[in-house]
Amino acid sequence: MASKILLSVMSLNPGGAETHAVSLAKELKRKGLEVIVASNGGTLVQELTDFGITHVSVPLHTKKPWSIYTAFQRLNQIIEQYDIELIHAHARIPAWISVSLGKKYGIPVVTTSHGVYKAGFPYSIITHWGDRIIAVSDDIKKYIIKHYDYPAENITVIPNGIDLEKFQVKEIHGENEDRRVIYVSRMEGQRGEIALVLLNTAVDVIKQRENVKYIIVGDGDLTPQVQKKAEEINSAFSRPHVEVLGERTDIPDLLS
């Protein structure tokens, strides 16, 4: 089994894939493996360094030619400096570069697919899957097989894990307290649109259950629309029922 593992991630700002990568790195270290994480950085880097895991800043978050070239060179240096034996890539750009370097050094590469990537030209040019794929759901596995003609036997479905040391119920709320509906994601693309769909139903729900409170967590280009919708809902009632918190790193406490 490989004992020196490189995790390549786009960035380490709060997000599902990013949080998973941090949890994975920490658990691999607990198992006695040496883990190096490469990403463009972000607020979650501190959690890695506090745990004694090396993070190297690499511009894996963009398709700009100079950044791709720089990322290739830096990952190449990491592989040689730390004698990497396995690369685990998360997202399209990290996988694209990691697979190229894996072939160069004869290092196996695993790619985790946290969602569906656009297929067909020109996306197929910059999509490399590596030797094995981890899909976080059956739907994603089926999508990869259908659109990328990847062999099913090389894809393993592993739902994202939950760190039970972090996510614990710490409070039990009484019947008279607000019943909270919390939505956590990036406020961009389909994820941000889901937050808007949720809020579009809020007025009817609040009219039936006045003790309902909505908490929206995350940031992105749809944040202004989400904030505007929250203000419209709050103005329709005698007290605020929607709170938009923006980007947060204390998700376990919020969920608790």
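Setting aside neighbours within four places in sequence, S11 is in contact with E18, S39, N40 and G41, where contact means heavy atoms within 4.5 Å. S11 itself sits in the loop between β1 (4-9) and α1, with helices (H or I, at least four residues) and strands (E, at least two) taken as DSSP runs and numbered from the N terminus. At a relative accessible area of 15%, S11 is buried; the cut-offs are under 20% for buried, over 50% for exposed and partly exposed in between, using a 1.4 Å probe and protein chains only. The C-alpha atoms of S11 and G42 are 6.2 Å apart, with these positions 31 residues apart along the chain.

A word on the ground rules. The model is predicted, so local features need pLDDT of at least 70 and side-chain atom pairs count only at pLDDT 80 or more, while totals for chains, interfaces and linings use all residues. Residues are numbered from 1 along each chain as its sequence is written, and side-chain values use heavy atoms, with hydrogens and water left out.

As for the overall picture, the chain has 9 helices and 10 strands. Its C-alpha atoms fill a box of roughly 65 × 40 × 35 Å along the principal axes. Of the 256 residues, 43% count as buried. Among contacts with a separation of 6 or more, 61% come from residues 24 or more positions apart.

K26 turns up in several places in the analysis. It belongs to helix α1 and is buried, at a relative accessible area of 9%. Neighbours within four places aside, K26 is in contact with E47, F51, I53 and K166. Two of these partners deserve a closer look. With E47, the K26 side chain makes a salt bridge at 2.9 Å, N to O; the criterion is a side-chain nitrogen of Lys or Arg within 4 Å of a carboxyl oxygen of Asp or Glu. Since E47 lies in helix α2 (residues 45-50) and K26 in helix α1 (residues 16-30), the pair ties together parts that are 21 residues apart in sequence. With F51, K26 lies over the ring face, 5.3 Å from the ring centre; a charge sits over a ring if NZ of Lys or CZ of Arg is within 6 Å of the ring centre and within 35 degrees of the ring normal.

The structure holds 9 salt bridges. Another one joins the side chains of R239 and D178 at 3.0 Å, N to O. Here R239 is in the loop between α8 and β10 and D178 in the loop between β7 (155-157) and β8 (179-184), so this bridge ties together parts 61 residues apart in sequence. R239 is partly exposed, with a relative accessible area of 33%, and D178 is partly exposed too, at 21%. K229 also pairs up with E232, the closest N and O atoms being 3.8 Å apart. These two residues are 3 residues apart in helix α8, so about one helical turn separates them. K229 counts as partly exposed at 23% relative accessibility, and E232 is partly exposed at 41%. Elsewhere, salt bridges with shared partners join E27, R30, K31 and E165 into one network.

Helix α8 is worth a paragraph of its own. Its 13 residues (223-235) should span 18 Å at 1.5 Å a residue, and the end C-alpha atoms are indeed 18 Å apart; the expected span is 1.5 Å times one less than the number of residues. T223, V226, A230, I233 and N234 are the buried residues here. Seen down the axis, they fall within an arc of 95°, so they line one face of the helix, the arc being that of the directions from the helix axis to the C-beta atoms. The face turned away from that buried side carries the exposed residues P224, K228 and S235. Cover for the buried residues of α8 includes α6 (189-200), α7 (202-208), β9 (212-217) and β10 (242-246).

Finally, the aromatics. The structure holds 2 aromatic pairs, counted when rings of Phe, Tyr and Trp (its six-membered ring) have centres within 6.5 Å; planes under 30 degrees apart are stacked, over 60 edge-to-face and the rest tilted. One of them is the edge-to-face pair of W129 and Y148, at 5.3 Å centre to centre and 80° between the planes. It links distant parts of the chain, with W129 in the loop between β5 (109-113) and β6 (132-135) and Y148 in helix α5 (residues 138-148), 19 residues apart. Both W129 and Y148 are buried.
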